[in-house]
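User: I've got a structure open and I keep running into labels I don't quite trust. Could you go through them with me and show how each one is earned?

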Amino acid sequence: QVQLVESGGGLVQAGGSLRLSCAASINTFSADAMGWYRQAPGKQRELVATIYSPRNTGYADSVKDRFTISRDNAKNTVYLQMNSLKPEDTAVYYCNRPVRPLPWGQGTQVTVSS
């Protein structure tokens, strides 16, 4: 059964850090590009970071130089290190494949207080 399970969210003060994890039960994980998305209340889900390989990553302008995406193919896991968090980063964070997306997981809530 294909499954995406996100974890690592929480409540943090502005300027703080969090590290999100996403465990993916996908047979093709190591060959797939993966992405982190977020959805704030009342807003559409947006793609914030993508990774194919450690040297092939991409970021939305809003998170560039603050967030770092990485992956461990041996563990079928993708990570998002979030530093210098801002209140506008508050959202539910999800992972998925940008190409041929899978059923969405439950996401993990990130709340940044000012």
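Analyst: Sure, let's take the labels one at a time.

Before we start, this is a predicted model, where local features need pLDDT of at least 70, side-chain atom pairs count only at pLDDT 80 or more, and totals for chains, interfaces and linings use all residues. Residues are numbered from 1 along each chain as its sequence is written, and side-chain values use heavy atoms, with hydrogens and water left out.

User: What makes Cys22 and Cys95 a disulfide?

Analyst: A disulfide here is a pair of cysteine sulfur atoms within 2.5 Å. The S to S distance between Cys22 and Cys95 is 1.7 Å, so the pair meets that definition. In chemical terms, a disulfide is a covalent bond between the sulfur atoms of two cysteines. Searching the whole structure turns up one disulfide.

User: Why is the pair said to link distant parts of the chain?

Analyst: Look at where the two ends sit: Cys22 is in strand S3 (residues 18-24) and Cys95 is in strand S9 (residues 91-96), 73 residues apart. As for the word "strand", helices (H or I, at least four residues) and strands (E, at least two) are DSSP runs, numbered from the N terminus.

User: How do you know whether Cys22 and Cys95 are buried or exposed?

Analyst: Check the relative accessible area: under 20% is buried, over 50% is exposed, and in between is partly exposed (1.4 Å probe, protein chains only). Cys22 has 0%, so it is buried. Cys95 also comes out at 0%, so buried is the label there too.

User: What pattern does the protein follow along the sequence?

Analyst: It reads β-β-β-β-β-β-β-β-β-β. That fits the count of zero helices and ten strands.

User: And why is the protein called as compact as a globular protein of its length?

Analyst: Its radius of gyration (taken over C-alpha atoms) is set against the globule rule, which is 2.2 Å times the number of residues to the power 0.38. The radius is 13 Å, close to the 13 Å that the rule gives for 114 residues, so the label holds. For a sense of its dimensions, the C-alpha trace spans about 40 × 30 × 20 Å along its principal axes. Of the 114 residues, 41% count as buried.

User: Where does Leu4 sit, and what is it in contact with?

Analyst: Leu4 is in strand S1 (residues 4-7). Contact means heavy atoms within 4.5 Å. Leaving aside neighbours within four places in sequence, Leu4 has contacts that include Cys22, Cys95, Met34 and Leu102. So both cysteines of the disulfide are among its contacts. The C-alpha atoms of Leu4 and Leu102 are separated by 8.1 Å, although the residues are 98 apart along the chain. With 3% relative accessibility, Leu4 counts as buried.

User: Why does Val2 get the label partly exposed?

Analyst: Its relative accessibility is 41%, so it falls between the two cut-offs and counts as partly exposed. Val2 lies in the segment before S1. Leaving aside neighbours within four places, Val2 is in contact with Ser25, Leu102 and Pro103.

User: What makes Leu20 count as buried?

Analyst: Leu20 has a relative accessible area of 0%, so it belongs in the buried class. This residue lies in strand S3. Not counting residues up to four places away in sequence, Leu20 touches residues including Trp36, Tyr93, Thr108 and Val110.

User: Thr108 is on that list. How do you know which class it belongs to?

Analyst: Thr108 has 8% relative accessibility, so it counts as buried. It lies in strand S10 (residues 108-113), and one of the residues it touches is Ala91. Their C-alpha atoms are 8.4 Å apart, with the two positions 17 residues apart in sequence numbering.

User: What is unusual about the phi of Asp65?

Analyst: Most residues other than glycine have a negative phi. Asp65 is not a glycine, yet its phi is positive, about 75 degrees. Asp65 is found in the loop between strand S6 (56-59) and strand S7 (67-72). At 79% relative accessible area, Asp65 is exposed.

User: And what about Asn76?

Analyst: Asn76 has a positive phi too, about 50 degrees, although it is not a glycine. Asn76 lies in the loop between S7 and strand S8 (77-82). Its 23% relative accessibility makes it partly exposed.
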